[in-house]
Amino acid sequence: MVSVNTNGNSSALIQVRGLDKTYWRGGEQIDVLQGLNLDVDKGDFVAFMGPSGSGKTTLLNLLGGLDVPTSGAVSVAGDEITHMSRGRLTEWRARHVGFVFQMYNLVPVLTAYQNVELPLLLTRLSRSARREHVEAALAIVGLRDRSHHFPRQLSGGQEQRVAVARAIVSDPTFLLCDEPTGDLDRKSADEIMALIEELVSKHSKTVLMVTHDPVVAARAHTVLHLEKGVLVEASKPRENAVAGGGA
Amino acid sequence: MKFSRLILANLFRKKVRLLLTLGSFAVALFLFAFLAVVKDAFNRGGSLASANRLVTINRVSIIQPLPLSYGDKIARIPGVQRVTHDNWFGGVYQDEKNFFPQFVIDPENQRQVFPELLVADDQWNAFLKDRQGAIVGAATAKRFGWKIGDRIPIKTTLYGGGAWEFNIDGIFHGQRKEDDETQFWFQWDYFEERVPERLKGLAGWYTVKLDSPDDAIRVAKAIDAEFANSPYETKTDTESAFAASWVKQFGNIEFLILTIGSVVFFTLLLVTGNTMAISVRERTGELAILKAIGFKDGSVLILVLVEALAIALCGGILGLVLAVLAIPVLGAALNGMLPNLILSKSMLAAGIGFALLVGAASGLLPGIGAMRLRVVEAFRRI
């Protein structure tokens, strides 16, 4: 269950309260997010939409502990992350967040297997345990047979699958996907979205996704619109998709 | 090591750049090793000098002679155990490029004053009986393929010119690896017989063996006082001080080597620092993703530093291996202009230390840059 108007106590997995983010650019103050509240339960699949500059990626960065808010609080599974030190926040990210980016961001000199293994290098897992996890993650994304291929030997869709495998290999609390289909053709985009849906339905992952594409957004349980730094609407995705002419 | 694959993969990311950086390290370390052995060769006289030996030369300059009669007077000074005199011959074997040091020696006292230079008794006795006899150092004998019984000509330009004939009666060896085995000794009587009249009865310098090193200052002062206000005033120093002043004749070698070494160091630092900075800048996105997925600032710094150190270590070892192979060849090519060029273990260790220092210094700034990289800003840039 996703809620944008709450500001009291809740048992939601992710709780955002009064979140502000302000940038100063060329002496001008830009209020990217203003007093944002949000609750996301475990197993939810949320899509954030909105025009460029509306603060979608900023919100994702704040939820993922990559950036710090000007004011307000973000709690995930009971951890208040906004006041964590840089070092603790890094540790927290390693345990709780899986990232999927538009440009895949794989390390080009490592194979698919080695890219997926990267987050596990920070754990105490043995080499054989790491192998089990990596092979399981690659199996979920359907790329076990490509594990020794380098990113340049894979298609864009396959690269993004490797990025998804890297995001889920350490079994994080939730996934943050920033335009995961933005650089893919429609067929590949559909495959990635099917994969993300499978992660939510079969593996009970919580997914928060930023997208410009209403067709992609329609596959989420909930679509939230960000306009001028404010979450203005929470709607049923199917209705939105129909209204927007999508599938 | 869990991160070794990542480090190796990053190292081999741009193979040409890696080879060029390794090459610059190798050349710099080769030069470092060469400068170190040259400096050592120049300074070895001081380190090998015996603490209980003094050298007495003419106060004006070593090229001014001293009377032979001084030997007995020096020997009478309390604390003096033995005195021997020498002269510089300055010849070449067959060709100008075949230079090596030849000394006219005092056969009666040579072995007692320089006991570390060993000659077999039978060879020494044969030498004593042979007016044209010569004892040659093992290095020079090897260089020219001389053996006992050979008769060899040495050309000189100092004492009337022409070639002097010698019989090789013996070969001496140093007790220590560093001892100078390039010298060539021959009889004082043979020298006296052939030099012009005006040069007879004169020695180049005296070497004085003391009863105890503790007497060095007192005996040196006593020798110089003995000949003060005479036509041939003396200047007496310990053997190590004499060796140091001899080196100074060639200019400030230490300063020269330090200057060249510093230029090499800073050039290498700039080259490798620039390479590492480019390498890190190219990977801004990858470093950002590493940090996003949980690599700490310190881990990223260590990754960059280990990369820089690995390049430095491999390039350094390559340069030092080249030096080990090439320095004996270069030493031979110098034709005895310098004592043996010896690349010691301590020089190799210093070379590795130097390489690691440059590696760490060159990796530090880019590493700190990577450490301070803010993920959000990095993603905004790529």
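**Exercise 1. Find how strand 8 and strand 9 of chain A are joined, and follow the chain from one to the other.**

Step 1. Strand 8 and strand 9 of chain A run parallel and are joined by 5 bridges. Strands here are DSSP runs of E with at least two residues, helices are runs of H or I with at least four, and both are numbered from the N terminus. Two strands pair if DSSP finds at least two bridges between them.

Step 2. Look for a bridge partner: A:Leu175 is matched with A:Val207 in strand 9 of chain A.

Step 3. From strand 8 of chain A, the chain passes through helix 6 (residues 186-201) to strand 9, in a right-handed β-α-β crossover. Right-handed means that, with the strands pointing away from the viewer, the path from the first strand over the helix to the second runs clockwise.

Before going on, note that this is a predicted model, where local features need pLDDT of at least 70, side-chain atom pairs count only at pLDDT 80 or more, and totals for chains, interfaces and linings use all residues. Residues are numbered from 1 along each chain as its sequence is written, while chains are lettered from A and ligands numbered from 1 in the order in which they are written.

**Exercise 2. Work out how strand 9 of chain A is covered on its two faces.**

Step 1. Of the 5 residues in strand 9 (residues 206-210) of chain A, 5 are buried. A residue is buried if 20 or more other C-beta atoms lie within 10 Å of its own, exposed if 12 or fewer, and partly exposed in between, with C-beta atoms placed from the backbone.

Step 2. Split the faces: A:Thr206, A:Leu208 and A:Val210 are on one side, with A:Val207 and A:Met209 on the other.

Step 3. Strand 4 (residues 45-49) of chain A also runs parallel to strand 9, with 4 bridges. Here A:Phe48 stands opposite A:Val210.

**Exercise 3. Trace the open sheet with the order 1-3-2-5-6 in chain A.**

Step 1. The sheet has 5 strands with antiparallel pairing. Its edges are strand 1 (2-3) and strand 6 (79-80), each pairing on one side only.

Step 2. Inspect one pair: strand 2 (residues 14-25) and strand 5 (residues 71-76) of chain A share 5 bridges. A:Arg17 stands opposite A:Ala73 in strand 5.

**Exercise 4. Compare the settings of A:Asp171 and B:Asn229.**

Step 1. Most residues other than glycine have a negative phi. A:Asp171 has a positive phi of about 50 degrees, and B:Asn229 one of about 65 degrees.

Step 2. A:Asp171 is partly exposed, with 14 other C-beta atoms within 10 Å, whereas B:Asn229 is exposed, with 6.
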